[in-house]
Amino acid sequence: GDILDGYLRTDGVWILTRNKRSYQTNNEKECADKCEAERSFNCRAFLFTKKKLQCLTLAENAKMTVMFASVDAVLYEKRIYLLECKRGIGKDYRGTEAKSQRGIPCQNWAEKIPHKPNYTPEKYPSAGLEENYCRNPDEDENGPWCYTTDPTIRYDYCNIPDCEDQVTHTGEVECMQCNGEDYHGEVSRTESGLECQRWDAQEPHMHGFTMKHYPEKDLKKNYCRNPDGELRPWCFTTSPTKRWEYCKIPRCTTQSPVSGPGSQCLSGKGEDYRGRIAVTESGNTCQHWNTQFPHKHRWIPDRYPCKGLEENYCRNPDGEKRPWCYTINGSVRWEYCTVPACDGREQGITGMNNVPIHIPLTEECYRGKGQSYRGTASITASGKKCQAWNSMFPHRHEKTPDRFPNADLRENYCRNPDDDNSPWCFTTDPNTLWEYCSLKRCDDHTQE
């Protein structure tokens, strides 16, 4: 598989680390190669900066040091060093459990007191014998173990949970259909073994996913859920250094339930629209969903089997205002489609004379720093579409309507909730966290 599959990616963060090496690379895969080949230290993670194409291989990961925001950086952590559960007998366990099942602290693998070890870092350099962490260098069928600091007990096994697919209290194996939007199971650990944070808690991570605001999403206890159209169920974690992570839930072997042929007209936001309109409201032909030209995107039909992403038909896979599509016009990334309403009325264009609704009116402007701006612009200075403020995809953030009730964080309109230089927004481009908006400052000498 892809070399990056062995890493957990976190956008927009940096970690402080003393033991690191710097390289010049062209992309993340080349940086991963440097991490795999690193011999100066045990490479647990790497940082890649997209603007400078800088690669930093790191001896620490986010579990071991301080993490902070850095817009241009991407952190890749080796999954094997994040697992706090064991696969099989735990030969590859590289977690940080450092006491035995009896609660006795482990002896450092490099120490010779109180027990002289047969297994040392020098003799077994690839066994991960670091510090005093539980390991399984001899492939013991009972799992990871360690020498203990009790002179009367040479070694003891460690209590490491299994990573295998979790089961419900009724003993049934958990599974999900589609992308797990309707998953109501009880898995409550992430794919790296971290325990999930309760949805009704705001510690260690503050968020807007509450029962009050998402009453239909079944946000119970700390169970994995998919309230925002992610690729699969996820949760906030109880680790202060890992905000969120996907959960390990297998796909059901039975076919996804078929909910009829879908609607041929616009009802609600048109999420169930399965008609064959393939032209946008301004006349642009739609790009096929299974192609990445002229516009690269994440809505790949194989990844979202229940979204009806057939041919180049207009669809609404992400809860937009109404069906839309990417266009074959290289200068117009996406536009809404005109789909007849199911009640027979013509679909409104909100008085914009067929101008796509997400293109800001040219006369919109802001005063000062734009904290009072309440227009409907939703495009950044480089032409990227804004992410909705109450959405956590593709970027998770804390600028939610709940936390900034006076900032009018509606839809995906440009705003300035944090006293920045001008209105801005998070973008729908996974590689760009945020940008200032395409807005001009008002001439202070003219009337409002």
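1. Residues 24 or more positions apart account for 61% of the contacts in the chain that have a separation of 6 or more. The model under discussion is a predicted one. Its secondary structure comes to 1 helix and 15 strands. Of the 448 residues in the chain, 48% are buried. The accessible surface of the chain is about 23200 Å², and carbon and sulfur atoms hold 49% of that area.

2. Helix H1 spans residues 28-37, and its buried residues are Glu28, Cys31, Ala32 and Cys35. These residues lie on the same side of H1, because they cover an arc of only 105° around the axis. The general geometry agrees: an α-helix has 3.6 residues a turn, so residues three or four places apart point the same way. The cover over the buried residues of H1 includes strand S1 (7-15), strand S3 (45-49), strand S4 (54-58) and strand S5 (67-78). At the start of H1, a side-chain oxygen of Asn27 comes to within 3.2 Å of the backbone nitrogen of Lys29.

3. Strand S5, which is among the elements covering the buried residues of H1, also contains Phe68. Together with Leu16 and Val66, Phe68 makes a nonpolar surface patch of about 270 Å². Phe68 counts as partly exposed because its relative accessibility is 37%, the partly exposed class lying between 20% and 50%.

4. Val332 is placed in the loop between strand S10 (324-326) and strand S11 (334-336). Leaving aside residues up to four places away in sequence, Val332 touches Asn284, His295 and Thr327. For one of these partners, His295, the separation from Val332 is 37 residues in sequence and 9.0 Å in space, C-alpha to C-alpha.

5. The structure holds 27 salt bridges. One of them joins Lys220 and Asp218, with the closest N and O atoms 3.9 Å apart. Which of the classes of accessibility does Lys220 fall into? Lys220 is partly exposed, because its relative accessibility is 40%. Asp218, by contrast, is buried, because its relative accessible area is 17% and the buried class takes values under 20%.

6. A further salt bridge brings together the side chains of Asp408 and Arg374, at 3.7 Å from N to O. This pair links distant parts of the chain, 34 residues apart, with both Asp408 and Arg374 in the loop between strand S12 (365-366) and strand S13 (424-426). Arg374 has a relative accessible area of 35% and is therefore partly exposed.

7. The side chains of Arg403 and Glu398 also meet in a salt bridge, with an N to O distance of 2.8 Å. Arg403 is partly exposed, because its relative accessible area is 36%. Glu398 likewise counts as partly exposed, with a relative accessibility of 33%. Elsewhere, salt bridges that share partners join Arg374, Asp408, Arg410 and Arg415 into one network. The bridge between Asp408 and Arg374 discussed above therefore concerns two members of that network.

Terms used:
Residues numbered from 1 in each chain as written. Predicted model: local features only at pLDDT ≥ 70, side-chain atom pairs only at ≥ 80, totals over all residues. Heavy atoms only, no water. Buried < 20%, exposed > 50% of the residue type's maximum accessible area, 1.4 Å probe, protein only. Helix = DSSP H or I, 4+ residues; strand = E, 2+ residues; numbered from the N terminus. Arc of directions from axis to C-beta. Contact = heavy atoms within 4.5 Å. Polar contact = N/O pair within 3.5 Å; in protein donor to acceptor, adjacent residues only side chain to side chain. Patch = residues over 30% accessible without salt bridge, like charges linked within 9 Å, V, L, I, M, F, W, Y side chains within 5 Å. Areas by Shrake-Rupley, 256 points an atom, 1.4 Å probe, with all protein chains shown as cover. Salt bridge = Lys/Arg side-chain N within 4 Å of Asp/Glu carboxyl O.
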